Amino acid sequence: ATVTVVDNLAPIMACQDITVQLDASGNVAILPADIDNGSTDNCSVVLSLDISAFTCADLGANAVILTGTDPSGNTATCAATVTVEDNILPTITCAADQSQSVDPGTCSAAVTVIAPASADNCAIVSSTNDFNGSADASDIYPVGTTTVTWTVLDAAGNSATCTQDITVIDDEIPGINCAANMTQ
């Protein structure tokens with residue numbers, strides 16, 4: 001007699017949602033065990049994921065399918081949500097403070113301001129200053145020292161700031177014209 005044992009039972013799948021954070025290079029990888037929430041089979045089960053690597057382009061909720069396959073080839077799936085977060089702050093380094101003489105005949109100076117250097121594990125979406133609200137602080141500055149605060153923002157809403165002093169010096173010698181000599 002020939003006895004053939006057949007396993008027709010598919011694995012019983014159980015998934016769980018998880019939240020992961022991107023690393024300094026803007027990447028994160030997960031394993032099937034990270035999503036598995038106690039999947040079983042009457043024999044054994046091998047787990048696999050349809051998506052296991054995430055980047056800055058995947059910020060937010062991502063649907064992932066966990067597949068279980070037993071030695072007889074029976075399969076089953078379950079779905080989970082992998083929420084990808086970026087908790088790494090961008091970096092910003094302001095240029096050196098700047099000093100400049102007043103423009104002739106005025107109490108101010110047109111200053112070309114050197115922008116700060118910035119970086120992020122994903123991408124900088126905006127760079128602004130509090131002097132004129134733009135990405136370029138070059139403008140007309142009054143006599144004295146003006147502290148400019150720069151802010152960079154990344155796609156995840158993380159921000160960083162630095163400050164830079166712009167000093168305008170009134171070193172223009174005043175002019176005087178004497179009236180003609182007078183005899184009285």
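Contact is defined here as heavy atoms within 4.5 Å. The structure is a predicted model, in which local features need pLDDT of at least 70 and side-chain atom pairs count only at pLDDT 80 or more, while totals for chains, interfaces and linings use all residues. Residues are numbered from 1 along each chain as its sequence is written, and side-chain values use heavy atoms, with hydrogens and water left out.

The secondary structure of the protein chain consists of one helix and 14 strands. Helices (H or I, at least four residues) and strands (E, at least two) are DSSP runs, numbered from the N terminus. The radius of gyration of the protein chain is 32 Å, well over the 16 Å that the globule rule gives for 184 residues, so the chain is more spread out than a compact globule. This radius is taken over C-alpha atoms, and the globule rule is 2.2 Å times the number of residues to the power 0.38. The C-alpha trace of the protein chain spans about 145 × 20 × 15 Å along its principal axes.

Of the 184 residues in the protein chain, 29% are buried. Buried means under 20% relative accessible area, exposed means over 50%, and partly exposed lies in between (1.4 Å probe, protein chains only). The protein chain exposes about 10,700 Å², of which carbon and sulfur atoms supply 54%. Accessible areas come from the Shrake-Rupley method with a 1.4 Å probe, and for residues only the protein chains shown count as cover. Among the contacts in the protein chain with a separation of 6 or more, 60% are between residues 24 or more positions apart.

An open sheet is formed by four strands in the order β8-β14-β13-β11, with mixed pairing. The edge strands of this sheet are β8 and β11, each of which pairs on one side only. Two strands pair if DSSP finds at least two bridges between them. The twist averages 20° from one strand to the next. For such angles, axes are lines fitted to C-alpha atoms, for helices over the stretch in contact, and angles run from 0 to 180 degrees between N-to-C directions. Strands β11 and β13 run antiparallel and are joined by five bridges. T128 stands opposite T151 in β13. Strand β13 covers residues 144–154 and also holds T146. T146 is buried, with a relative accessible area of 15%. Residues up to four places away in sequence left aside, T146 touches F131, Y141, Q164, D165 and I166.

A disulfide is a covalent bond between the sulfur atoms of two cysteines. In this model, a disulfide is assigned to a pair of cysteine sulfur atoms within 2.5 Å, and the count comes to three disulfides. With bonded cysteines counted along the chain, the disulfides follow the pattern 1-3, 2-5, 4-6.

One disulfide joins C15 to C78, with an S to S distance of 1.8 Å. The torsion about the S-S bond of C15 and C78 is about 75°, so this disulfide is right-handed. C15 lies in the segment before β1 (18–21) and C78 in strand β6 (residues 75–85), so the pair ties together parts that are 63 residues apart in sequence. C78 is buried, at a relative accessible area of 13%.

Another disulfide joins C56 to C122, with an S to S distance of 2.0 Å. The link of C56 and C122 is left-handed, with -85° about the S-S bond. C56 is in the loop between β4 (53–55) and β5 (60–69), and C122 is in the loop between β10 (117–119) and β11 (124–129); the pair links distant parts of the chain, 66 residues apart. C56 counts as partly exposed, at 24% relative accessibility.

A disulfide also joins C94 to C162, with an S to S distance of 1.9 Å. The torsion about the S-S bond of C94 and C162 is about 85°, so this disulfide is right-handed. C94 lies in the loop between β7 (91–93) and β8 (98–101) and C162 in strand β14 (residues 159–169), so the pair ties together parts that are 68 residues apart in sequence. C94 and C162 are both buried.

Two further cysteines can be described by their accessibility. C107 is exposed, with a relative accessible area of 60%, and C178 is exposed, with a relative accessible area of 71%.

G60 is found in strand β5. G60 counts as partly exposed, at 25% relative accessibility. Neighbours within four places in sequence left aside, G60 is in contact with V82, T83 and V84. G60 and T19 are 41 residues apart in sequence, and their C-alpha atoms are 9.3 Å apart in space.
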